[in-house]
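Colleague: Could you take me slowly through the enclosed spaces in this model, beginning with the second largest cavity, and then say what surrounds the ligand? I am in my first year, so please spell out each step.

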Amino acid sequence: MSADKPELDEDALLAGLVGPGTPDPSTLVIFGASGDLSRRKLLPALYALAVNGLLPDAFAVLGVGRKAISNEAFQAEMRSAVEEHTRLPFDEATWEGLASGMRYIAAELEDEAAGGPVTDALRALEAEHGTQGNRVFYLAIPPAAMENVVGSVATWRPTGGWRRLIVEKPFGHDLASARQLNAFILERFSEDEVYRIDHYLGKETVQNLAVLRFANGIFEPVWNRQFIDHVQITVAESIGIGSRAAFYEETGATRDIFQNHLLQLLALTAMEPAADFTADAVRNEKVKVFKSLERPASDEVVRGQYGPGVVEGVETIAYRDEEAVAQDSTTETYFAAELHIDNWRWAGTPFFVRCGKRLARRETTIAIQFKNVPHLPFALDSDDDVRPNVLLIHIQPDEGVSMTLNAKVPGHGVTIRTVNMDFAYGGSFRADLPEAYERLILDCMLGDAILFTRADEVEEQWTLVDAIRASWTETGSADPVAYDAGSWGPSEAEDLMQREGRAWRRD
Ligand code: BG6
């Protein structure tokens, strides 16, 4: 594998185009190629990699799906998907280059015999494009179809090249199913051939969390229970469930966002410094955090479901009135919890987490709230003017980091006001931030699993979720509480904070 680092070019660096080396020649086989993820995320990501010269010269894409369409129709569909979803201007020549190595084959992989024509098509494409038998299998398919496809792909004759498997979320729907899927996959592939997706890990701002913590000397000494009062992590969405009712009714906010994205953000915030920035070292540290998480008491968890309301100026309907949602559905569209990490660094410092659909606005943030000053030497009208410092990590949108400081308002006497010290990506770097999937596909082709989750990590995440879900049944609190669409969630979530004299951030 070529892992040579390119010369550091300042312009390319500022434009966000510095690549980690070029991957080996390879073929990407996408299962579920005509699906939504492929159209909205995967093809636009491949296109952006092509524009930035990050794909190998010998590269091909084989789409596999149920729909019976020709190569030409598939290419045309993918072209319009790229035109619609690309973050970069559409360039005809780049697209033509990518499309020339793109084929499609319709197959039902439940049927063992279907594997034959797919491997024939794959070998023909490999021979035509000189991809040397290196294969990435991207499973953008529903969980129910996973085992069939993995079972089938595992039997395909080795070619002398490497093979890697990218498995989309959700990875199982509880601990038992995740274990079963892990066992099934690991009987056929080795752990270092398996790349489990949590696309939040591919976001630039999430990767920057480690750099912020471990490349700046000022944070580590105060990053602990002595100086931090609490941490708030918010994954708020203004969208509803769109056309995903069937999926969401079975999933809910706890499985859809808390089990993966929220817990990953928590682990990256709380983990110990890894000895080096390699996949296993970082994943070991994250697993330690998951193992130290206390199971929350039932009054430390809130689940809500949106009613009707007004979101960003538009009237919206209740969850139960969404198409294909049961009128008596008890699926939660909001989840909040107070979590405690039982270790020396964090004992006594709670982590409040929340996620939900149809909230006031789209916002993912991590707020580190420091303890307040022990004594104020100023004569002020009100001590309320002096708020504790907050380090706010804006994961999205308005990507950046800000720190609140208390400053003296100019003039006679002492009046204090909170001001912000900001770092915004848009102001410091010239390029748009790459999409998470660009980084993830590229990393997999380079054989770097640092931004993917390991089997034990996923199982630890489910262990906590299963315990929380079991307590809902034990305590009979099966029904979520209602909240207005367009609000910040149920009042019970406010109470969760207020009983300890804290409040969710509002600005
Ligand atoms: C997905 C969830 O994993 O993440 C969706 O299944 C959610 O329900 C999405 O909308 C949010 O991702 P992003 O990148 O838009 O924050």
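**The second largest cavity and its surroundings**

Modeller: The lining of the second largest cavity is made up of Leu201, Val206, Gln207, Ala210, Leu268, Met271, Phe277, Val282, Lys286, Ile450 and Leu451. Two elements, helix 8 (204–214) and helix 10 (279–292), each give two or more residues to that lining, and helix 8 provides the largest share, with 3 residues. Please keep in mind throughout that this is a predicted model, and that the volume of about 100 Å³ for the second largest cavity is a computed value. When the residues of this lining are sorted by class, 9 are nonpolar, 1 is polar and 1 is charged. Since glutamine is counted as polar and lysine as charged, you can pick out Gln207 and Lys286 in the list of lining residues.

It helps to set this beside the other enclosed space, for the count comes to 2 cavities of 30 Å³ or more. The largest cavity has a volume of about 120 Å³, and its lining consists of 15 residues, with Phe171, Ile197, Gln259, Asn260 and Thr453 lying nearest its centre. Helix 9 (245–270) and helix 13 (455–474) each contribute at least two residues to the lining of the largest cavity. By class, the lining of the largest cavity holds 6 nonpolar, 5 polar and 4 charged residues, whereas the lining of the second largest cavity has 9 nonpolar, 1 polar and 1 charged.

Turning now to the ligand, the residues that surround it are Lys169, His199, Tyr200, Lys203, Glu237, Ile239, Arg244, Asp256, His261, Lys357, Arg362 and Gln396. This shell divides into 2 nonpolar, 3 polar and 7 charged residues. Within the shell you can look at three particular distances, each of them running to an oxygen atom of the ligand: a polar side-chain atom of histidine 199 lies 2.8 Å from such an atom, a polar side-chain atom of tyrosine 200 lies 2.5 Å from one, and an N or O atom in the side chain of glutamine 396 is 2.7 Å away from one. As for how much of the ligand is covered, it has 400 Å² of accessible area on its own, and the protein covers 82% of that area. Tyrosine 200, although it makes one of these approaches through a polar side-chain atom, is counted as nonpolar in the class scheme used here, which is worth remembering when you read the class counts for the shell.

How values were computed. Residues numbered from 1 in each chain as written. Predicted model: local features only at pLDDT ≥ 70, side-chain atom pairs only at ≥ 80, totals over all residues. Heavy atoms only, no water. 1 Å grid on protein atoms, 1.4 Å probe; cavity = no way out; pocket = protein on both sides within 12 Å on 5 of 7 lines; lining within 4 Å. Points joined across faces, edges and corners; volume = space filled by probe spheres on them. Helix = DSSP H or I, 4+ residues; strand = E, 2+ residues; numbered from the N terminus. Near = heavy atom within 4 Å. Polar contact = N/O pair within 3.5 Å; in protein donor to acceptor, adjacent residues only side chain to side chain. Areas by Shrake-Rupley, 256 points an atom, 1.4 Å probe, with all protein chains shown as cover.
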